[in-house]
Amino acid sequence: MQTANQANRRYFREAYRTGKHGWAVEEPNPHIVDFLKRLRRLAPGGHLLDIGCGEGRHSIAAAQLGFKVTAIDFEPLALARARRFARIKGARGIVFREASVFRLPFADGRFDIALDCGCLHHQKKSDWAAYKAGILRVLKPEGFYVLSVFSPKFRMFRGRRRSWHIAYGAYRRYFTRKEMVELFGRDFEIVALAEERGGESGFWNALLRRCKRASGVAAMCS
Ligand SMILES: C[S@@+](CC[C@H](N)C(=O)[O-])C[C@H]1O[C@@H](n2cnc3c(N)ncnc32)[C@H](O)[C@@H]1O
């Protein structure tokens with residue numbers, strides 16, 4: 001039987017092969033750009049890891065704001081597009097690498113900022129702990145984490161009872177506020193957490209800061 005991860009790979013391979021998918025190619029999410037502008041003051045020139053970078057729109061925006069950027073994605077077609085877009089936009093120095101979010105090929109504490117726009121909500125709940133452990137491992141103490149995930153207000157979800165579904169072959173999870181707080185509240189200070197309202201979108205946009213003593217289960221921010 002095909003696992004959720006294999007199904008996701010097939011979905012993303014096809015999305016990047018055809019270039020037809022539902023998210024923006026060039027324009028970065030404005031909420032993420034706002035967070036990056038705040039981080040320019042809090043962690044100027046910091047090393048940012050873009051997780052599931054896709055075609056690189058946020059890697060490029062971050063590089064243009066002066067961050068040092070490393071970006072990973074498990075889909076080589078996405079990375080090829082990202083490298084091309086970065087060249088076209090004149091965004092230099094971004095390191096794009098093929099890797100899974102579950103096997104981050106980096107030393108412990110390497111990054112000042114982790115950014116995920118649209119990758120976590122494609123991971124099954126049973127994989128969230130492994131996903132978060134990887135981020136905690138590569139993020140510096142008090143490092144920042146910028147996250148954008150589907151909320152139940154997302155148009156594909158409205159009216160459903162379950163908190164997940166499979167659409168076009170890919171797993172999609174619609175996070176409640178409670179799930180966000182349960183998943184991240186022990187290891188991160190929630191600096192900002194806002195649900196987009198109106199229009200067609202429905203995302204949580206979050207700016208989190210790793211707790212000083214964060215080291216797994218016992219970590220508490222206060
Ligand atoms: C919805 S797209 C968003 C792309 C990009 N972050 C953006 O905002 O344009 C999600 C991305 O996550 C990548 N992805 C999904 N699961 C992954 C995994 N386990 N490891 C690495 N990348 C993954 C996909 O290939 C895809 O490029």
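Q: What distance separates an oxygen atom of the ligand from an N or O atom in the side chain of H58?
A: The general idea is a polar contact (a pair of N or O atoms within 3.5 Å). Here the H58 side chain puts an N or O atom 3.3 Å from a ligand oxygen atom. Keep in mind that this is a predicted model, where local features need pLDDT of at least 70, side-chain atom pairs count only at pLDDT 80 or more, and totals for chains, interfaces and linings use all residues. Residues are numbered from 1 along each chain as its sequence is written, and side-chain values use heavy atoms, with hydrogens and water left out.

Q: Which residues bring a backbone N or O atom to a nitrogen atom of the ligand?
A: Look at F74 and V101. The backbone of F74 has an N or O atom 3.3 Å from a ligand nitrogen atom, while for V101 the backbone distance to a ligand nitrogen atom is 3.0 Å.

Q: How much of the ligand does the protein bury?
A: Think in accessible area (Shrake-Rupley, 1.4 Å probe). On its own the ligand exposes 600 Å², and 98% of that is buried by the protein.

Q: Which elements give two or more residues to the shell around the ligand?
A: Elements are DSSP runs, numbered from the N terminus (helices: H or I, at least four residues; strands: E, at least two). In this model α1 (4-18) and α3 (57-64) fit that bill, and α1 gives the most, three residues.

Q: Which residues in that shell come nearest to the ligand?
A: A residue is in if one of its heavy atoms lies within 4 Å of the molecule. There are 21 around this ligand, and Y16, G52, R57, D73 and C117 come nearest. Sorted by class, the shell holds 10 nonpolar, eight polar (Gly counts here) and three charged residues.

Q: How many salt bridges are there, and where does the one between R81 and E55 sit?
A: The rule wants a side-chain nitrogen of Lys or Arg within 4 Å of a carboxyl oxygen of Asp or Glu. That gives 10 salt bridges. One of them joins the side chains of R81 and E55, at 2.9 Å from N to O. R81 sits in helix α4 and E55 in the loop between β1 (47-51) and α3, so this pair, 26 residues apart, links distant parts of the chain.

Notes
Polar contact = N/O pair within 3.5 Å; in protein donor to acceptor, adjacent residues only side chain to side chain.
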